[in-house]
Amino acid sequence: MDIYTSLFLIGAILIGPIMISIIVRQQQIGSPALAGVLSIAFGAFTVLTIAQEGIEQVIMNHSVNFWGTQVWYDLIIAASIALFFVAPRARAVGMNLWPWAIFVALSASIGLLAMIARLFWLELQGEQKS
């Protein structure tokens, strides 16, 4: 089995426990540390991937056939939906949405995880003041 298939299978195996954990947990505010670490880790993996394969590969992967385009649209839609749900909470704690929205538009999950880490941290700070 090659590295790409292994990485694909790791993601496929991890999604179940992650989804179950999200559904089962009753906490209102997530972990800023976990979101931050995930953002940094996925950012590092992205830098490694760009170093290995080049930035032009991003465009090629999403424009070579219908599946590539479908995955691109899925990514755009998922990031937009996530931002739609996160934005009201971010506004409520005083986050400036424009820089975060640009970061999410340019990096998808990396920016979104960083934004959520900041959001969770600010929410926890507000909760501690109450």
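I began with helix α2, residues 32-53, in this predicted model. At 1.5 Å a residue, I expected its 22 residues to span 32 Å, and I found the end C-alpha atoms 31 Å apart, which agrees.

Next I asked myself: which residues of α2 are buried? My list reads Pro-32, Ala-35, Gly-36, Ser-39 and Gly-43. Looking down the axis of α2, I saw these buried residues fall within an arc of 95°, so they line one face of the helix. A helpful reminder for my margin: an α-helix has 3.6 residues a turn, so residues three or four places apart point the same way.

Then I turned to the other side of α2, where I noted Ala-33, Val-37 and Gln-52 as exposed. I also wanted to know what covers the buried residues, and α6 (109-129) is included in that cover. Just after α2, I stopped at Gly-54, which takes a positive phi of about 90°.

My second stop was Arg-89, which I found in helix α4, residues 66-92. Is Arg-89 buried, partly exposed or exposed? Its relative accessible area is 33%; buried would need under 20% and exposed over 50%, so I wrote down partly exposed.

Which residues does Arg-89 touch, once I leave aside its neighbours within four places in sequence? I found contacts with Gln-28, Ile-29, Leu-119, Phe-120 and Glu-123. I looked again at one of these, Leu-119: it sits 30 residues from Arg-89 along the chain, yet their C-alpha atoms are separated by 7.5 Å.

Notes: Residues numbered from 1 in each chain as written. Predicted model: local features only at pLDDT ≥ 70, side-chain atom pairs only at ≥ 80, totals over all residues. Heavy atoms only, no water. Helix = DSSP H or I, 4+ residues; strand = E, 2+ residues; numbered from the N terminus. Buried < 20%, exposed > 50% of the residue type's maximum accessible area, 1.4 Å probe, protein only. Contact = heavy atoms within 4.5 Å. Expected span 1.5 Å × (residues − 1). Arc of directions from axis to C-beta.
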